[in-house]
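User: Please give me a close reading of one part of this model, the nonpolar core and what lies around it. You may begin with an aromatic ring and work inwards from there.

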Amino acid sequence: QESTNPLLGSGRGVDHMGILVKDLEITCRDYEQILGFKCIKNPTGSYSGSLRSLIIFEDETLLEFLSPPKTDSAMNNEYLNYMRDFLSKYEGAMSLALETSSAKDAAEFLRGRDFEVRLTEWPKETEENIPRKTPVQYTSVSISDTPSGNKKAFKLWIWIVEYSPGRSERL
């Protein structure tokens, strides 16, 4: 049955959860040896230098374990600093991605309800003025976590994603 949710369109809802962990190796070992899952370690494409592993379920929803690199020489950027700050206080779920059939429609729906949103194609169109080398794999709608003027915010990192064709093959 097709969804009539104006935010998700015919998207399936929960796509994946990002779980921030202090030790990626121990986490993967525990999930594999104790719980019987299969972790895919360091899949292609990293987020600003973070380390990651995935558990992919039959319906292509997934758990994404993330951890900042342990070395001091590792990249130092806003995303990794956020991860390190989060891990200094917590360990666990830090993000939730919802799948939509139209990122553009989801962004318009949220803007119409006074949320500040940003629509981004990944990989980004340009990185330091270098044209994109690969096709768009997904488009994300991120919602500000800080209220601005009369705009609303989500205090948790919840974002919305629309995948381009070929996701199953990439997984």
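Analyst: The charged end of Arg 167 sits over the ring of Tyr 163, 4.0 Å from its centre; the rule asks that NZ of Lys or CZ of Arg be within 6 Å of the ring centre and within 35 degrees of the ring normal. Arg 113 likewise lies over the face of Phe 109, at 3.7 Å from the ring centre. The model is predicted, with local features requiring pLDDT of at least 70 and side-chain atom pairs pLDDT 80 or more, while totals for chains, interfaces and linings use all residues. Residues are numbered from 1 along each chain as its sequence is written, and side-chain values use heavy atoms, without hydrogens or water.

Turning to the core, the largest nonpolar one has twelve residues: Leu 7, Leu 8, Leu 98, Ala 103, Ala 106, Ala 107, Leu 110, Phe 115, Val 117, Val 141, Ile 143 and Ile 160. Such a core is a set of buried Ala, Val, Leu, Ile, Met, Phe, Trp, Tyr and Cys residues joined through side-chain atoms within 4.5 Å, where buried means under 20% relative accessible area, exposed over 50% and partly exposed in between, with a 1.4 Å probe and protein chains only. Two or more residues each come from helix H3 (103-111) and strand E9 (138-143), and the largest share, four residues, is that of H3. Helices (H or I, at least four residues) and strands (E, at least two) are DSSP runs, numbered from the N terminus.

In H3, the buried residues Ala 103, Ala 106, Ala 107 and Leu 110 cover an arc of only 100° around the axis, and therefore lie on the same side of the helix; the arc is that of the directions from the helix axis to the C-beta atoms. Among the elements that cover these buried residues are strand E6 (117-122), E9 and strand E10 (157-163). Ala 106, leaving aside neighbours within four places in sequence, is in contact (heavy atoms within 4.5 Å) with Leu 7, Thr 100 and Ile 160.

Another member of the core, Leu 98, is placed in strand E5 (residues 92-99) and counts as buried because its relative accessibility is 16%. Outside the four nearest places in sequence, the contacts of Leu 98 include Leu 8, Val 14, Ile 158 and Ile 160. Leu 98 and Ile 158 are 60 residues apart in sequence, yet their C-alpha atoms are 7.7 Å apart in space.

The strand pairing gives a setting for these contacts. E5 and E10 pair in the parallel sense over five bridges, with Leu 96 opposite Ile 158 in E10; two strands pair if DSSP finds at least two bridges between them. E10 is also joined by five bridges to E9, the two running antiparallel, and here Ser 142 stands opposite Trp 159. E5 pairs in the antiparallel sense with E1 over seven bridges, and Ile 19 has Ala 93 in E5 as its bridge partner. Strand E1 (residues 13-20) is mostly covered, since six of its eight residues are buried under the cut-off of under 20%. Five bridges join E1 to strand E4 (residues 62-67) in a parallel run, where Gly 18 is partnered by Glu 64.
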